[in-house]
Amino acid sequence: MSADPTNPRPDLSVIVVTHNGRQKALETLASAQAAQGWIDAEWFVVDSGSTDGTADAIEQGFPAVRVLRRENRGFAAANNVALERARGRYVLLLNPDVEFAAGNLAELVAAMDARPGTGIASVLQTDPDGSLQASIRRFPSVLRSFGEALFSYHWPLGRGLQEPVAQGPRYERPGAADWMSGAFLIARASAVAEVGPLDERFFLYSEETDWCYRFKRAGWGVEHLPVATVVHHCGGGSDGALKPQLTHSKMLFARKHYGRPRAMAMRGSLALGHALRVISGTVLGVFAGAGHRERARHEVAALRVALGAPPPYGPYAADGSPSVPSTERSPADFDDRELREERYRDRSENRSLLMSTYYNVKPLLPRRLQLALRRRYAVRQARVEFPRWPIEPILVERRQATLRAELQASGADALPTVATWPEGHRFAAILTHDVEGPKGVALVREIMAIEQRHGFRSCWNFVGDWYPIEAGLFDHLRAEGHEIGLHGIKHDCKLFESRANFEAELPEIHRKLREWDVVGFRSPATHRNADWMEELGAAYDSSFPDTDPFEPLGGGCCSILPFFLGEMVELPITLVQDHTLWEILRRDTIDLWTEKSDWIAANGGLINLIVHPDYLDTPDRLRMYEEFLVYLKGMDGGWSALPRDVAEWWRLRRDLGCVTDGPRAAHVVGPGSERARIEWLDAEGTATASTPDPVGAR
Ligand SMILES: [Zn+2]
């Protein structure tokens, strides 16, 4: 197959993105393959979550087509899945409702070969009845969007005041264009490598406008090449229900490429256009029946988008920034280690534009406005598809599946393993506090007293050089059995911003760890980078949430168990942060904490909570924290430990082995094995400790 790297490079990679519409897609592929001509081509279909069997039907009917199944993240993202894999000298983005009427792909490739300066091109596109579609377009502008708002296409002389180039001689011969309808676009691979893939912030519409704009800006020709004619069945996005999406995409394009004043003017024009159509549709609806009223409804929806409502599709905020970590590979494609190290997260520049902008301007905003913005955004963040929030079970499920496979292979009814936690505990729990400022420092003693009343000890992470810390506080905490940790040197969140920053601050971190005699690190604002953590020189770090879409750096390691980053133990943060719970989500109960704790305990994981003393500043919040302590205390079989003890155990456990002595008989070997227990895992994944300790042992 074409994926074979020993094959010579194909001339063309054809990419079809499907989302239902099986019959049309099959016809498109049949027609395009028949029109291949004498060139070598490879074929991709990216199926965006079809539910009508499109992907299966294509696999059966077209063995040469490589079918990639993905969830629906929009047209641009789907094309990029194949673009990344395409090896052809050219790529063709082909809509699944297009058929060849004249000419073929070989002639098109030959025409591109003859025009080395042309980066991207399209051909003649017609309706099924043969009438020409206005596939040649002008770039959006303030004047054009204003003209279109005022129905310029109905004016005798208004033709220039719209994006589509009307029928005429421009379609008969090759010629430069601003952009062309994306139903059929051929692009030169070397130009794509320079320009980059489609911008995935466009869920539908305008992605081709944006792409052509970028080709032009990079100096590549954008050209209409009438060497072939294709019939585009659902031409022109005439589906009224998608009108709000189109409006959203147009606004996004303007914001991306034009300055703020022009983008605002175009947005105003869009709003004006929709408002005029709502009015006219409503008036005409009185005389002309349901069709007009239906259109008026779509115009109202589009008007709302122009005024700031979110678009119908796309996991994106109203300003177009993604709230979902976009993956070219689906989570299932990553192995456990890659997931833990957040390799699925795309670090490219566009990703968290909104959030990084927000954090840049945050110091300038009044606190009430900050919170209002964060709350609005949080609704979207909570809908993230991966890692799912508040529970991402992928690693738990994989562990269970592996176990079932091992059991089956062994033929036994249960397998022995070194229990996850020492002394027969079924889960572990740690309490941590990041002290952000003087206000937090002042509350330490009160909070520790509450914890101790319920028999808990916790870890207090202080910032190295950020606020005064009263003399004797560390000694007091330690004397009472608590742990001190390092919460960065400064709380300016610059540590992981660049390698230079990191290396500049590293010596001070090493010095502070020694000076304070602490072994644990928590990064300010949980900024992190799996590749660098080990260099911090701490015994453990606790900066990776298992899943947390709300933090400045979204994502998560998907793990509710500790893991190694090099020689450093990572203790994932597994409960929603107090600040998120109270300030962002505005919950007045601790259900999110207790329900997740139950799930973690049921799966033998680590409960790791961050509570900021700085935010425990009301009786209500203190009461909720205490309520959680009481709940935790009531959970059976938990190991309430300090983070440094958990890290030490994890290191010790790594070197323990399990020796089977016979059916249902095994023992642990290695240094410290007296703390360990054997667990028997059966087909249900149920663990039975061979030497159960008293229930609730702590
Ligand atoms: Zn902090």
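The centres of domain 1 and domain 2, taken over C-alpha atoms, are separated by 50 Å. This is a predicted model. According to the domain assignment, domain 1 covers 12-132 + 167-237. Domain 2 covers 394-401 + 423-639.

Now the chain as a whole. Its C-alpha atoms fill a box of roughly 90 × 60 × 55 Å along the principal axes. The chain holds 21 helices and 25 strands. Of its 698 residues, 42% are buried. Take the contacts with a separation of 6 or more: 77% of them involve residues 24 or more positions apart.

Strand β4 is a good place to start. It spans residues 90-94, and 5 of its 5 residues are buried. In a regular strand the side chains alternate between the two faces of the sheet. Which residues of β4 lie on each side? Y90, L92 and L94 are on one side, and V91 and L93 are on the other. Both faces are covered, as these residues are all buried.

Next, the partners of β4. Strand β1 (residues 12-18) runs parallel to β4, joined to it by 5 bridges. Here V14 stands opposite L92. Strand β10 (residues 184-188) runs antiparallel to β4, and 5 bridges join these two as well. In this pairing, V91 has A187 as its bridge partner.

Several of these residues return in the nonpolar core. In soluble globular proteins, nonpolar side chains tend to be buried together. The largest nonpolar core in this model has 79 residues. Those touching the most other members are V14, I15, V91, L92, L94, L108 and I120. Helix α3 (residues 75-83) gives this core its largest share, 7 residues. What does L108 contact, leaving aside its neighbours within four places in sequence? The answer is G103, V123, I186, L225, V227 and A228. There is also a second, separate core of 68 residues. Among its members are M448, V463, V569 and A641.

Helix α2 (residues 54-61) shows burial on one side. Its buried residues are T54, A55 and I58. They sit on the same side of α2 because they cover an arc of only 95° around the axis. What covers these buried residues? The cover includes β1, α1 (22-34), β2 (41-48) and β3 (65-70). Strand β1 is thus named twice: it covers α2, and it pairs with β4.

Some loops hold backbone details worth finding. One is the peptide bond from W389 to P390, which is cis, with omega near 5°. P390 lies in the loop between α13 (367-381) and α14 (394-410).

Two other loops each hold a residue with positive phi. E342 is in the loop between α11 (336-340) and α12 (353-361). Its phi is near 60°, a positive value in a residue other than glycine. Is E342 buried or exposed? E342 is buried, because 22 other C-beta atoms lie within 10 Å.

R586 is in the loop between α18 (578-584) and α19 (591-602). R586 is not a glycine either, yet its phi is positive, about 50°. Is R586 buried or exposed? R586 counts as exposed, because it has 11 C-beta neighbours inside 10 Å, and the limit for exposed is 12 or fewer.

Definitions and conventions. Residues are numbered from 1 along each chain as its sequence is written. This is a predicted model: local features need pLDDT of at least 70, side-chain atom pairs count only at pLDDT 80 or more; totals for chains, interfaces and linings use all residues. Domain bounds come from an automatic or database domain assignment. Helices (H or I, at least four residues) and strands (E, at least two) are DSSP runs, numbered from the N terminus. A residue is buried if 20 or more other C-beta atoms lie within 10 Å of its own, exposed if 12 or fewer, and partly exposed in between; C-beta atoms are placed from the backbone. Two residues are in contact if their C-beta atoms, placed from the backbone, lie within 7 Å. Two strands pair if DSSP finds at least two bridges between them. A nonpolar core is a set of buried Ala, Val, Leu, Ile, Met, Phe, Trp, Tyr and Cys residues joined through C-beta atoms within 7 Å. The arc is that of the directions from the helix axis to the C-beta atoms.
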